[in-house]
Amino acid sequence: MSAASAIEWTESTWNPVTGCTKLSAGCANCYAERMALRLQAMGQPNYAAGFAVRTHERMLEVPLGWRRPQTVFVNSMSDLFHEEVPFDFIQRVFDVMHRADWHTYQVLTKRSGRLSQLAPSLDWPNNVWMGVSVENAQVLGRVDELRNASGPRVRFLSLEPLLGPLQDLCLDGIDWVIAGGESGPHARPLAPEWARGVRDACLRDGVPFFFKQWGGTRKKRAGRELDGKTWDEMPMSALMQRRVEAAV
């Protein structure tokens with residue numbers, strides 16, 4: 001059985017690495033940290049160290065047991081390219097993604113510099129989508145590092161929590177954009193014009209746009225509509241090709 005996810009843009013999660021450290025403004029109210037400490041209190045063994053970075057050998061081959069093809073968010077509770085994750089462990093994660101090639105994997109990092117550094121040394125399977133998180137204009141350089149990283153077939157952006165306008169957002173070489181507001185305690189507000197700016201850039205450049213949520217402390221009440229529409233676009237050509245290949 002897969003670890004079914006409530007995250008709107010994926011189906012399952014797989015966490016061979018857990019834990020992280022704060023890097024930029026988007027990390028201030030990290031949902032994964034809150035969840036990790038809750039799981040630690042419940043006695044979940046993978047979180048015995050709380051939110052400290054840990055690799056988990058026994059979790060590596062889990063996707064091989066999931067027979068139904070699905071989209072899998074890799075390390076929803078960590079960052080695969082965190083500086084404390086050894087390169088050889090990253091290689092082993094990529095090896096599993098190669099072997100369990102009937103799934104589509106979504107890898108997301110804020111460590112775009114390490115991604116750019118290691119990308120040429122990794123064997124990138126076609127079923128891996130690589131993304132970076134960008135929360136404000138101060139970290140837009142992550143997009144350039146993703147764009148210039150050699151290897152990924154599908155590149156995407158997660159603009160969540162979106163904390164400011166991204167007027168200079170360049171989508172050259174980007175295949176998908178997710179945007180959304182922050183949720184949970186102390187959530188910072190998402191201004192409608194920031195979300196509209198991202199949507200309009202996607203429409204201008206023909207990039208699929210996924211609006212995840214307005215967020216806030218009551219995110220379900222706030223909903224997911226932007227200007228009266230639910231934006232659930234995905235890079236379907238890549239996804240459907242993977243599903244077809246898996247069925248052959």
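**Note on the predicted model**

1. T13 is a buried residue, having a relative accessible area of 15%, which falls below the cut-off because buried means under 20%. The model discussed here is a predicted one. T13 belongs to strand β2, which covers residues 12-14. Apart from residues up to four places away in sequence, T13 touches A3, S5 and I7, and also W66, V72, F73 and S76. One of these contacts, A3, falls within β1 (3-4).

2. As to overall form, the protein comprises seven helices and twelve strands. For 248 residues, a compact globule would be expected to have a radius of gyration near 18 Å, and the value of 17 Å for the protein agrees with this. Along the principal axes, the C-alpha atoms occupy a box of roughly 45 × 45 × 35 Å. Of the contacts with a separation of 6 or more, 71% are made by residues 24 or more positions apart.

3. Regarding burial and surface, 54% of the 248 residues count as buried. The exposed area of the protein is about 11,200 Å², of which carbon and sulfur atoms supply 51%. The side chains include 29 positive and 28 negative ones, and a distance of 6 Å separates the centres of the two sets.

4. Eight strands form an open sheet with mixed pairing, in the order β1-β2-β5-β6-β7-β8-β9-β10. Its edges are β1 (3-4) and β10 (209-211); each has a single partner strand, so one side of each lacks a neighbour in the sheet. Strands of a sheet pair through backbone hydrogen bonds, in a parallel or an antiparallel sense.

5. Two pairings within this sheet may be described in detail. Strand β7 (residues 128-133) pairs with β8 in the parallel sense, over five bridges; within that pairing, S133 has S158 of β8 as its bridge partner. Strand β9 (residues 176-179) is also parallel to its partner β10, to which three bridges join it. Here I178 of β9 stands opposite F210 in β10.

6. Is strand β8 mostly covered or mostly open? Strand β8 (residues 154-159) is mostly covered, with six of its six residues buried. In a regular strand, side chains alternate between the two faces of the sheet. In β8, V154, F156 and S158 point one way, whereas R155, L157 and L159 point the other way, and all of them are buried. S158, the bridge partner of S133, is therefore one of the buried residues of β8.

7. The loop between β8 and β9 holds I174. With a relative accessibility of 6%, I174 counts as buried, given that buried means under 20%. Its contacts, leaving out residues up to four places away in sequence, are V143, L146, R147, R155, F156, L157 and V207. Among them, R155, F156 and L157 are residues of β8, where R155 and L157 point one way and F156 the other. I174 and D205 lie 31 residues apart along the chain, and their C-alpha atoms are separated by 9.6 Å.

8. The backbone has some features that merit inspection. Most residues other than glycine have a negative phi, and most peptide bonds are trans. The bond joining E160 and P161 is a cis peptide bond, with omega of about -5°. P161, like I174, is found in the loop between β8 and β9.

9. H186 is a residue other than glycine with a positive phi, near 65°. Where is H186 found? It is found in the loop between β9 and α5 (192-205). H186 is exposed, with a relative accessible area of 66%, since exposed means over 50%.

10. D227 also has a positive phi, near 55°, and is likewise a residue other than glycine. D227 is found in the loop between β11 (225-226) and β12 (229-230). Its relative accessibility of 45% makes D227 partly exposed, because that value lies between the 20% and 50% limits. Which residues does D227 contact beyond its neighbours within four places in sequence? D227 is in contact with R196 and R199, two positions within α5 (192-205). From C-alpha to C-alpha, D227 and A6 are 24 Å apart in space, with their positions 221 residues apart in sequence.

Key
Residues are numbered from 1 along each chain as its sequence is written. This is a predicted model: local features need pLDDT of at least 70, side-chain atom pairs count only at pLDDT 80 or more; totals for chains, interfaces and linings use all residues. Side-chain values use heavy atoms; hydrogens and water are left out. Helices (H or I, at least four residues) and strands (E, at least two) are DSSP runs, numbered from the N terminus. The radius of gyration is taken over C-alpha atoms; the globule rule is 2.2 Å times the number of residues to the power 0.38. Buried means under 20% relative accessible area, exposed over 50%, partly exposed in between (1.4 Å probe, protein chains only). Contact means heavy atoms within 4.5 Å. Accessible areas come from the Shrake-Rupley method with a 1.4 Å probe; for residues, only the protein chains shown count as cover. Lys and Arg count as positive and Asp and Glu as negative; His and the chain ends are not counted. The place of a charge is taken as NZ of Lys, CZ of Arg, CG of Asp or CD of Glu. Two strands pair if DSSP finds at least two bridges between them.
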